[in-house]
Each structure stands twice: as C-alpha cells, then as structure tokens.
Amino acid sequence: MSLLVLHRAFGSPPARAVLMCCHTLALDVRIREVNIIEGDHLTPQFRKLNPMATVPVIEDGDFVLSESHAIMKYLVRAYGGDKKDLLYPPALRTRAIVDQCMFFDAGVLFKAAITVLRGALLGGLSGLTKQNLAEIEAAYGVMEAYLQTRPYMAADWMTLAGYSTGSTTFALHGIHQVDSEKYPRCADWLTRLGQEQIFKEINAPGVAFLVKLLHKIWENNKAKNKTL
C-alpha cells in the first residue's frame, strides 16, 4: 500500500474517529493539519481535494476520499486484515445497526455539534442557545435508548460506530455534559470509552483543544457584543 495522507483539523471529531481507525489498523499515516480558523479548508488547493471544503480527507496514492464514515469503511475494507470483521461486521443485521449508528452520528450528533461551532464562529453567539440545548439533549436521549441492550453503540464490542459516535459525543459532553441521572447508560458508556487507551491518546487531547477554543470564541464574542 502507498503512504496514507490524512488531512485533518486537530479539534475535529470526525478526523479523530478516522485517526482512531487508522491506529487500530496499524496504518502508516502522514498527518497534514488543516487550520479551519485560518481558512485552510477554503483554499483552491484544498477544494480541489474536497469540493465540500470539510475535514477529514485521505489520500491513498491517487485516490482521494472525504467524509469520515466513508473513509473508515474504505480503510477497513482495504486494510482491515483480521480486524475487518470486528470493526465493520459482515453479518447483515449487525452491519445494518453499525450503519444506522453512523448515520445517526452524521445526521444528528455531529449536526448538533457543528451548529454550536458555526454559531460561535459565524453567528457571533457567546453561548448555547435553547435550540442548541434541545438538540443536544435529544441526541443524548436517543443514545440512551440505543445503549439499552448493548454495552457499545451497535454491538457488544467496539465497531466503527463506536469511533464515530464516541468522538462526537465527547465533544458534545465537553460543551454540555451528559447528565448521569437522566442518561445513566450514556454516561457509563462515555466513562468506559474514556478509559480505553486509544481514546485517551487520540480523542481526549482533541476534545480539550476544541472545548477550549470554543470557550475562547464565546468570550471574544461576548466582549464584542458588549461594545456594540
């Protein structure tokens, strides 16, 4: 295989999910940082790689792919080896549940997170809105239901769905904590993920960076709003 190149933003939950997948598969990956604040993703060079101007993006030789869930499925199918069936199970119904949880991550979880970030970066907001809180709480409620019958999202073990939903939920938890009384299964799941080495090494630093950055933007916006 050729050397993989991963274009990522350090604080990006989807990029962390892809990096955890790469780490699990023991893939040799060259990291190229994309500074979203500075607009690196809007340059002609980056848009040539990904017209959507989002991270992550991988280059595998002359093959370029964006969207974290598609990337992880590709990597597992191409280089999964003996871990392929664990991360993306071949059993029809189990795989369908993994896909369901990954679609939930893309359409609900990450949407809740990116709405908060865009509100701060582009909308001048200085904190969470009632709509933000409602969307995050609704997402936690769905995860609580998903975790009723299994210890991990989608299966009894870690799958790609765990990487994607886990990285996003930790970001949301840093923004608005999971209430362990309302969502005990979700809180327990986060605690267990947080104790896993791969989440400690790859996910936790990015979450801390993202939350610190968000609060800094909120503070700056609050100061600007006071002068208006």
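Start by selecting helices H7 (160–175) and H8 (184–195) in this predicted model. Their axes approach to within 11 Å, crossing at roughly 110 degrees. H7 is therefore roughly perpendicular to H8. To see what makes the contact, show side chains for Thr165, Gly166, Thr169, Phe170 and His173 on the H7 side, with Trp189, Leu190, Leu193 and Gly194 across from them on H8.

Stay on H7 for a moment and put a ruler between its end C-alpha atoms. You should read 23 Å, which agrees with the 22 Å that its 16 residues should span at 1.5 Å a residue. Is there much of H7 in the open, or little? Of its 16 residues, 14 are buried, so the rest of the structure largely encloses this helix.

Next, select H9, residues 197–227. From first C-alpha to last, the 31 residues of H9 reach 45 Å, close to the 45 Å expected at 1.5 Å a residue. Where does H9 kink? Zoom in on Asn203: a kink of about 40 degrees lies there, shortly before the proline Pro205.

Now colour the buried residues of H9. The early part of the set is Ile198, Phe199, Ile202, Asn203, Gly206 and Val207, and it carries on with Leu210, Val211, Leu214, Ile217, Trp218 and Asn221. Notice that Asn203, where the kink lies, is also one of the buried residues. Which helices help to cover these residues? Bring up H1 (13–24), H5 (92–121), H7 and H8, which are included in that cover.

Pick out Leu214 from H9. With a relative accessible area of 3%, Leu214 is buried; the cut-off for that word is under 20%. Leaving aside residues up to four places away in sequence, Leu214 touches Val116, Leu117, Ala120 and Ile175. For a distance check, draw a line from the C-alpha of Leu214 to that of Phe104: the two are 24 Å apart in space and 110 residues apart in sequence.

Time for the cysteines. How many disulfides does a search of the whole structure find? The count is 0. Select Cys22, for instance: it is in no disulfide, and the nearest cysteine sulfur, on Cys21, sits 5.8 Å away. Cys22 counts as buried, at 3% relative accessibility. Then jump to Cys101, also in no disulfide, where the nearest cysteine sulfur is that of Cys186, 12 Å away. Cys101 has 0% relative accessibility and counts as buried.

The last stops are all about backbone geometry, so switch to a view that shows the main chain. Go to Val55 and Pro56: the peptide bond from one to the other is cis, with omega near 5 degrees. You'll find Pro56 in the loop between helix H2 (44–49) and strand S3 (57–60).

Move along to Glu67, in the loop between strand S4 (63–66) and helix H3 (68–79). What is the phi of Glu67? It is near 75 degrees, a positive value in a residue other than glycine. Glu67 is partly exposed, at a relative accessible area of 32%.

Finish at Ala154, in the loop between helix H6 (130–146) and H7. Phi of Ala154 is near 85 degrees, again a positive value in a residue other than glycine. Buried or exposed? Ala154 counts as buried, at 5% relative accessibility.

Methods
Residues are numbered from 1 along each chain as its sequence is written. This is a predicted model: local features need pLDDT of at least 70, side-chain atom pairs count only at pLDDT 80 or more; totals for chains, interfaces and linings use all residues. Side-chain values use heavy atoms; hydrogens and water are left out. A disulfide is a pair of cysteine sulfur atoms within 2.5 Å. Buried means under 20% relative accessible area, exposed over 50%, partly exposed in between (1.4 Å probe, protein chains only). Helices (H or I, at least four residues) and strands (E, at least two) are DSSP runs, numbered from the N terminus. The expected span of a helix is 1.5 Å times one less than its number of residues. The bend at a residue is the angle between axes fitted to the seven residues ending there and the seven starting there. Contact means heavy atoms within 4.5 Å. Axes are lines fitted to C-alpha atoms, for helices over the stretch in contact, and angles run from 0 to 180 degrees between N-to-C directions. Angles under 35 degrees count as roughly parallel, over 145 as roughly antiparallel, 65 to 115 as roughly perpendicular and the rest as oblique.
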